[in-house]
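User: Got a two-chain model to go through. Can you walk me through it?
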Amino acid sequence: MTKPSTMRSQEQRTGLYLILPALVLLLLVFAYPIGRSLWLGFFAQNLGTELKPVFVGFSNYVRIFGDGHFWQTFGITVRFTVLSVLLEVIFGMGVALVLNQTFRGRNVVRAIALLPWALPTALIALGWTWIFNDQYGIANDILLRLNLVQVGINWLGEPFTATLALIVADVWKTTPFVSILLLAGLQTIPADLYEAHSLEGASPWQSFWTITLPLLVPQIVVATLFRFAQAFGIFDLVQVMTGGGPGGSTEVVALYIYANAMRYLDFGYASALIVVTFLLLVIAIWLGSWLIRRSRSISE
Amino acid sequence: MLFFAAIARFLISLMPSPKTSRRLGWVILCLLTALLVAVPVLSQQPVTLKLLMSAPDVPPWTNYLVKEFEAQNPGIRLQVIEGPNNVSLLEDLYTTAFLLGDSPYDLVNMDIVWTPKFAAAGWLKDLTDEFSEQDLAAFSPSAIAGGRYQNRLYRLPTRSDAGMLYYRKDLLKAAGLEPPKTFEDVERISKTLQQQKAVRWGYLWQGKQYEGAAAMFVEVLQGFGGFWVNPDTLAVGLDQPEAIRAVEFLRNTISQGISPPGVTTYVEEDTRRFFQNGEAAFLRNWPYAWSLLNADNSPVKGKVGIMPMIPAAGESGGSCLGGWGLGISKTSKHPEEALKAIRFLIGETAQKQVVLDAGYVPTREALFNDAAIVAKYSHYPELQKVVKNGVLRPPIAQYAQASDILQRYLSAALTNQQSSEQAMKGAAAETRRLVEAGRMTKGELKTQNSKLQ
């Protein structure tokens, strides 16, 4: 054996030791719960079995495919996630561009802009519930004063407006998170690129499309993936604002799984639901990042 | 004593210097002796029984029940823990406590609809053999039935609750109308009063997607001669013609302008405020509303009558039975003391005091006609009829699911997202799948157990 290769293998071993704690931690907090859910998903553990696990094979998973209620909540969650993340990225980009400019008091404005993200969701959900109250809410008050409506809208009482209210609240709450990520990305773009581009006669609008956006793609992808995963698991905002109503029209997957586990005490089925949701989420994220990678390789 | 001395000697032998160690040994010996004396004394300290209930229900307990019980039972303390106002959060707290295996609560204060679930989960002590038929004879039979699951008794009722019909005596009298006997009467009288501009709305009920809507619907269903789930045969009746007629009746109250369109988003308090402001002729609500409607600042004070929930013409109606009761946690370390507490709390003296103090509805039949109680609440003899006609929501283990299914489809039908027939067919199909799945896993478990034996 030659000397350099032993050195390399030694380095590799040291590297392995160094990442070992992180790996163990990941296994404990990530792989174990998912693996355990997967395992529990093969058992019936519910009131019918007096909460004792009884092996049932794939029957929980088969049941999911025929469970219209689950797929309905799944569709509602997808709709909510796609719309709110899309709006958050667009608004987040706008806020990031503003915060990237130099102006007086920029640091103060940056701190304030981050505030909604720092507030506890359950509390701001209560606030938004009052904003959208049909009798006393500010939303209706403004619309009535502007003569845009003649009768106050029953925001949380209609499927469409309730969904809208949830999206507005979520966008308000999490846009700062996206804008901070994008702001970090903006600051890594060298200013001389813009100078050279404008010397060639390009407008700021053209610079945005040819310099800012392409160079910001990694940050956009990271922000989108983070937000996608988070929005998909939304619970607190919906639980407080609508509780899944009216008529189950805002019931998201997390609410349904919670009901199965905590209210119906159907732990086997709830575990199977978690596993299926997890797999679908992984597929969605994988598909999304694959599409982005492909579009980038085409554009390059 | 010798044992402790031996330990002390052993400890001394471990010490390096004999002089200091001997002194230390004496100290240890003294401490151990003190411990030996203290243990029996400490074990004679009172047993503490814990129970959790929602905060607004606590005052009658701390005002009277706890003091009186502790005075009568010097060895037992009763610790009432204040929980959230929202009862479904309370249910969550009990559930998590039980799931962890070692419940901190000895007594379980249960809503009537939790009993089958908690019993099926094996969290409650079976109390069937602790109470004789004679003990139970004094209670209203439906309140006792609400504490049974598969013919075993798990919960003793402390407080009753039943849905009923409030109506404006004054308006009916002025128009020369008799109080309604059927749903059709309610519709007719409402229209007459609305046409005479005596009142803005006719009938108020709770139509939001929540448990209260299920309770309200049980009464209409009973009134049309239908049923939800038969607990014995597990037959589901939601897609029967009677059930569809029941949904149609509710929808008609909105479409004919008898009920405001907002009823599909209202809970009890919304409807009570509406009625109290004099904006409606009829209200479906629970007994709690009576004292609020007759409060000094109430515009309808003294103008309200009550009656059991009415049926459709030619049928016999029923009120949805609610209420609270006590069970004992299976993991309680003091079941004997807990049983003593239950016997005291469901006793006649205790119940009478609470009824007088807080205006609760008793579970003992004799109390409805008790002189002191009638002197304070003149409507209690009438209230007895309401409670007597009580209908239980299906006492099945999967009630929470069954109720969620009904709420979802009912809300969809009431808000015109589906036709009555379509919604009830969907609700019935889903409920059937639910009870069938419960039956199957139970069967499988039984065969598996018999194989193991």
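User: How many residues does each chain put into the contact?
Analyst: Chain B gives 24 residues and chain A gives 19 residues. Contact means C-beta atoms, placed from the backbone, within 7 Å. Note that this is a predicted model: local features need pLDDT of at least 70, side-chain atom pairs count only at pLDDT 80 or more, and totals for chains, interfaces and linings use all residues. Residues are numbered from 1 along each chain as its sequence is written, with chains lettered from A and ligands numbered from 1 in the order written.

User: Which helices of chain B supply at least two residues each to the side that touches chain A?
Analyst: α4 (87–99), α5 (115–120), α18 and α19 (420–452) of chain B. Helices (H or I, at least four residues) and strands (E, at least two) are DSSP runs, numbered from the N terminus.

User: How do the residues on that side of chain B divide?
Analyst: 6 nonpolar, 12 polar and 6 charged. Nonpolar here is Ala, Val, Leu, Ile, Met, Phe, Trp, Tyr, Cys and Pro; charged is Asp, Glu, Lys and Arg; the others, Gly among them, are polar.

User: New topic. Which residues have the most contacts inside the largest nonpolar core?
Analyst: Val108(B), Tyr166(B), Phe217(B) and Phe282(B), in a core of 157 residues. A core joins buried Ala, Val, Leu, Ile, Met, Phe, Trp, Tyr and Cys residues through C-beta atoms within 7 Å. Buried means 20 or more other C-beta atoms within 10 Å of the residue's own; exposed is 12 or fewer, partly exposed in between.

User: Which helix gives the most to this core?
Analyst: Helix α18 (residues 399–414) of chain B, with 10 residues.

User: And where does the core lie relative to the domains?
Analyst: Domain 1 (47–154 + 322–388) and domain 2 (162–318 + 394–441) of chain B both give residues, so the core lies between them. The bounds come from an automatic or database domain assignment.

User: What is Tyr166(B) in contact with?
Analyst: Leaving aside neighbours within four places in sequence, its contacts include Phe275(B), Phe282(B), Leu293(B) and Ile306(B).

User: Sheets next. What is the strand order in the open one?
Analyst: β8-β9-β7-β10 in chain B, with mixed pairing. Strands pair if DSSP finds at least two bridges between them.

User: Which strands stand at the edges?
Analyst: β8 (201–204) and β10 (304–308) of chain B. Each has a single partner strand, so one side of each lacks a neighbour in the sheet.

User: What does Tyr203(B) stand opposite?
Analyst: Phe282(B) in β9(B). β8(B) and β9 (residues 280–285) of chain B pair in the parallel sense over 3 bridges.

User: Last one. Is strand β6 of chain B buried or exposed?
Analyst: Buried: 7 of the 7 residues of β6 (residues 156–162) are, so the strand is largely enclosed by the rest of the structure.

Terms used. Contact = placed C-beta atoms within 7 Å.
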